[in-house]
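Trainee: I am new to this structure and would like a close look at a single part of it. Please pick one helix, go through it residue by residue where that helps, and then place it in the rest of the chain.

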Amino acid sequence: MIWLWIAAALVSAALAALIVHRAARAANAGGGANPALAVYRRQMAELDDLAARGLIAEGERRSVRAETGRRLLAAAGRAEPPLKVSGPLAILAAAAAVPVIALTAYVLVGAPRFADQPFATRLAGWRTADPQTLTPPQMAAVLRQIAAEKPTDPEPLTHLAVAELASNQPTEAAQALARALALAPTRADLWQLQGEMAVIAAGGEVPADAQASFRHALSLDPSLPVARYYLARARIAGGDLAGGLADWRALSASLDPREPRKAELDAEIQQVSATGKLAPAAPPPSQSAVASPQIQAMVDGLAARLKANPDDPQGWVRLVRAYAVLGEADRRDAALAEARKRYAGRADILSALDAATRQPS
C-alpha cells in the first residue's frame, strides 16, 4: 500500500510541476484566462460527485460549496495581473515538493493503516447506535435519510426540523418544517413549532411572523399552551398589559398543577404584575433542550423495532439505558422485565441490562 502512495505522490508532483510551468509560460507571454476559475469549478463538481457517492454529508457539501462559490465569484470579478516569473526552476521545485511533503506529513501524523470511513458507512452506524450517543448533526443526518425513505410522512421531517435547529442550521430547519407543513397543513403542532422557531431566531422575542404562526395554530387547536403563552407575551410587549396578563392567568388555570411550567408561569405573572413590564427575553433553548423531542422520537422508534424484531439483546440494553436517561422509570422497568424474561439464561446480557439501569450513558 505504501508503494501506491509513493507512486501517487510522484505522479501528483509531476502534474503540479507541469501545470505551474505551463501557467508561468502563459503569464509571461502576456496573460490569459484566470486559472483560479477552472480550479474552483472543478472543486464544486468534485464536491457534488462525493456527495452523490455518499462520501460526505449533505450539510458539509452545502457549506463547502457555498464557500467555493463565493471564491469563484470573487475571482471572476478580479482582474489578474500578468505573472512575472523570475525563477522558474524554484517554482517548479516548490510545486513538486508540495505533494511529497503532504504525503510525508500524512504518514507521520495520519493513520494510513486504517480503512476510510465514508459518510454512508458512518450513517449506517448512527442508525443502529444508541440515540443518546448521537450529536444533533448526526441525528439530523439519520432523519434526513429516513425522510427521504418516507417522502409522504411529515413525522420524520418534523423531527428533522428540530434536529437541524439543534445543529445551528436554522435555514435547513425551516425548509424541513415547511415540507412537513405541506404534507400536513392542518396539524396545529407544526404551526406552533414554526412559531417557536421564529421566536428562537429572534432571541426570545415574539416577531410578527411568529405571532401569525401561533394564531393559525390556535385556530386549529385552541388549547396549545406554547402558542397561548407567546401570544400573551406579545400583547404585553405591545402595551396591552391587562390583556396579556388575563391571557396568562387563563393559561395558568388550564395547566396541571404538577407541571413545572405552571409554577414558572405563575412566577412570571407575579413579576409582571408587580413591575408592569416584562423581564428580559429568555435566551433561546440549548441544543440539548431543543433536541430532546428528537431523542424521545428515536427512543420510541427503537422500542417499535424491538416489538417487531425482539431478538436483539443489545437493542434491549440500549432501550433500557435510554429510558433510564430520560427518567421514564415505568417504561424502563417494563422493558427490563421483558428483556430479562427473554434472556433469562444469558448471564452476560442480564449483567449488561442491570448496568444500563444503574449507569446510563
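Mentor: Take helix 10, where the buried residues are Ala-210, Gln-211, Ser-213, Phe-214, Ala-217 and Leu-218. Around the axis these residues cover an arc of only 160°, so they sit on the same side of helix 10. The face turned away from that buried side carries Ala-208 and Ser-219, which are exposed. Before going further, note that this is a predicted model.

As for its length, helix 10 has 13 residues. From the first C-alpha to the last it reaches 19 Å, close to the 18 Å expected at 1.5 Å a residue.

What covers the buried side? Helix 9 and helix 11 are included in the cover over the buried residues of helix 10.

One residue on that side deserves a separate look. Ser-213, which lies in helix 10, has a relative accessible area of 8%. The cut-off for buried is under 20%, so Ser-213 counts as buried. Neighbours within four places in sequence aside, Ser-213 is in contact with Trp-191, Gln-194 and Gly-195. Helix 9 spans residues 188-201, and those three contacts of Ser-213 carry numbers inside that range.

Phe-214, another of the buried residues of helix 10, leads to the wider picture. The largest nonpolar core has 39 residues, and Phe-214 is one of the four that touch the most other members, along with Trp-126, Leu-177 and Met-197. Helix 10 (208-220) is among the elements that give two or more residues to this core; the others are helix 5 (119-128), helix 6 (136-149), helix 7 (154-166), helix 8 (170-183), helix 9 (188-201) and helix 11 (225-237). Met-197 shows how such a member is placed: not counting residues up to four places away in sequence, Met-197 touches Ala-161, Val-162, Leu-165, Ala-173 and Leu-177. Apart from this core lies another, of 14 residues, including Leu-306, Ala-335, Ala-339 and Ile-349.

On the helix 11 side, consider Arg-228, which is found in that helix. Arg-228 has a relative accessible area of 22% and is partly exposed. Its contacts, leaving aside neighbours within four places in sequence, are Leu-218, Pro-222, Ser-223, Ala-250, Leu-251 and Ser-254. Leu-218 is one of the buried residues of helix 10. Another of them, Ala-217, is eleven residues from Arg-228 along the chain, and the C-alpha atoms of the two are separated by 9.6 Å.

Helix 16 can be read in the same way. Helix 16 has 14 residues (329-342), which at 1.5 Å a residue should span 20 Å, and its end C-alpha atoms are 20 Å apart, which agrees. Ala-335, Leu-336 and Ala-339 are buried there. Seen down the axis of helix 16, the buried residues fall within an arc of 105°, so they line one face. Asp-330 and Lys-341, on the other side of helix 16, are exposed.

Finally, the chain as a whole. The chain has 17 helices and zero strands. Of its 361 residues, 34% are buried. The chain exposes about 20,800 Å², and carbon and sulfur atoms supply 60% of that area. Among contacts between residues at least 6 apart in sequence, 56% join residues at least 24 apart.

Definitions and conventions
Residues are numbered from 1 along each chain as its sequence is written. This is a predicted model: local features need pLDDT of at least 70, side-chain atom pairs count only at pLDDT 80 or more; totals for chains, interfaces and linings use all residues. Side-chain values use heavy atoms; hydrogens and water are left out. Helices (H or I, at least four residues) and strands (E, at least two) are DSSP runs, numbered from the N terminus. Buried means under 20% relative accessible area, exposed over 50%, partly exposed in between (1.4 Å probe, protein chains only). Contact means heavy atoms within 4.5 Å. Accessible areas come from the Shrake-Rupley method with a 1.4 Å probe; for residues, only the protein chains shown count as cover. A nonpolar core is a set of buried Ala, Val, Leu, Ile, Met, Phe, Trp, Tyr and Cys residues joined through side-chain atoms within 4.5 Å. The expected span of a helix is 1.5 Å times one less than its number of residues. The arc is that of the directions from the helix axis to the C-beta atoms.
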